[in-house]
Amino acid sequence: MNLGLTDKIAVVGASSKGLGKAIAFGLAQEGAKVTVCARNSNTLETTAEEIRNQTNSEVLAVPTDVSQPEQVESLINKAIAHFGGIDILVNNAGGPRAGRFDDLSAEDYLNAVHLNLMSTINLCRAVVPTMRARGGGRIINLTSVSVKQPVDGLMLSNMARTGVIGFAKTLATELAPDKILVNNVCPGIIFTDRIKQLATVRAEEAGISFDAALERMTADIPLGRIGDPEEFANLVVFLASERASYITGATIQADGGMVKSLL
Ligand SMILES: NC(=O)c1ccc[n+]([C@@H]2O[C@H](COP(=O)([O-])OP(=O)(O)OC[C@H]3O[C@@H](n4cnc5c(N)ncnc54)[C@H](OP(=O)(O)O)[C@@H]3O)[C@@H](O)[C@H]2O)c1
């Protein structure tokens, strides 16, 4: 299948590691020009160089904290100045801290809203003008299976990410006349540093080993294994592509069958 991504221009949030990195890599492999961002500039530049070397695609690295509105604006301005516009935006940020109601302060809730909801809104606000000017685009929001089935002990993720779904569904309708398609993707358990951190927390809470915690996390996955970042990235690359031209307002999980709900 020709995905039609050659020379498309993409910005991928939080992309020096994990899912964002796999998505940036997947888009670059298909010939897209990619802007990557994250807070730590050393890790980010190493990732950018790795993607350039392995794909021959043009990669711009812009150190950014996506929870900070002025840094988001600067990221998008730099990407547009460098590449001439943006066709694809993948909204991604780090995960909010784990915790239950009794563990969390009011500030924790606000921080999660800034990190996982406002970053998405601010990035969309910054890219829509250039997408409109280019006659269309793709916005893909990385959320979590927590939007379909809340995850025990992840209050902040369960709370902030559902706001993204309401925002995106409304945006998909409003931007359809501009041929800007907006979709959400939901990772189940995909093996990245985030999952290693969560397994460490679970192991401490339950007084079990890290491997035993990972095994418990796998128990609910019908495919019987944790996913690989590339398997998740493939879904995003498809949604970013020309082949996904009739999909908008959708929320799709890649979770090995973990979510039990019908939709
Ligand atoms: N992996 C999974 O199975 C899974 C499941 C459900 C949901 N998720 C969610 O998917 C997202 C990505 O997870 P992951 O597994 O890829 O995590 P990861 O491996 O820990 O990578 C996180 C990436 O985000 C960057 N980042 C963190 N905070 C940032 C910020 N404020 N601004 C810009 N970049 C930032 C990190 O770089 P710096 O630290 O240098 O900024 C790093 O590049 C998270 O929101 C996570 O909660 C993941």
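## Ligand shell and domain interface

In this predicted model, an oxygen atom of the ligand sits 3.0 Å from a side-chain N or O atom of Arg 194. The protein covers 92% of the 890 Å² of accessible area that the ligand has on its own. Domain 1 and domain 2 both give residues to the shell around the ligand, so the ligand lies between them.

**Polar contacts of the ligand**

- Ile 190 offers a polar backbone atom, 2.7 Å from an oxygen atom of the ligand.
- Gly 94 also uses its backbone: an N or O atom there is 3.3 Å from an oxygen atom of the ligand.
- Arg 194 takes part through its side chain, with an N or O atom at 3.0 Å from a ligand oxygen.

**Shell around the ligand**

- The ligand has 28 residues around it.
- Those that come nearest are Ser 16, Leu 19, Ala 93, Ile 190 and Thr 192.
- By class, the shell holds 11 nonpolar, 11 polar and six charged residues.
- Helix 1 (18–29) supplies at least two residues of this shell, and so does helix 6 (193–206).
- Helix 6 gives the most, with three residues.

**Two domains**

- The domain assignment puts 9–190 + 228–253 in domain 1 and 191–226 in domain 2.
- The C-alpha centres of the two domains are 25 Å apart.
- Across the interface, 14 residues of domain 1 are in contact with 11 residues of domain 2.
- About 1000 Å² is buried between domain 1 and domain 2. Carbon and sulfur atoms give 53% of that area.
- On the domain 1 side, the residues that lose the most area to domain 2 are Leu 154, Ile 189 and Ile 190. Together these three account for 47% of what that side buries.
- Ile 190 thus appears in two lists: it is one of the residues that come nearest the ligand, and one of those in domain 1 that lose the most area to domain 2.

**Backbone points to check**

- Ala 14 has a positive phi, near 45°, in a residue other than glycine. Ala 14 is in the loop between strand 1 (9–12) and helix 1.
- Asn 56, again not a glycine, has a positive phi near 65°. The loop that holds Asn 56 runs between helix 2 (41–55) and strand 3 (59–61).

Notes
Residues are numbered from 1 along each chain as its sequence is written. This is a predicted model: local features need pLDDT of at least 70, side-chain atom pairs count only at pLDDT 80 or more; totals for chains, interfaces and linings use all residues. Side-chain values use heavy atoms; hydrogens and water are left out. A residue is near a molecule or strand if one of its heavy atoms lies within 4 Å of it. A polar contact is a pair of N or O atoms within 3.5 Å; within protein, one must be able to donate a hydrogen and the other to accept it, and residues adjacent in sequence count only if both atoms are side-chain atoms. Accessible areas come from the Shrake-Rupley method with a 1.4 Å probe; for residues, only the protein chains shown count as cover. Helices (H or I, at least four residues) and strands (E, at least two) are DSSP runs, numbered from the N terminus. Ala, Val, Leu, Ile, Met, Phe, Trp, Tyr, Cys and Pro count as nonpolar, Asp, Glu, Lys and Arg as charged, and the others, Gly among them, as polar. Domain bounds come from an automatic or database domain assignment. Contact means heavy atoms within 4.5 Å. Buried area is the accessible area (1.4 Å probe) that two parts lose on being put together, summed over both.
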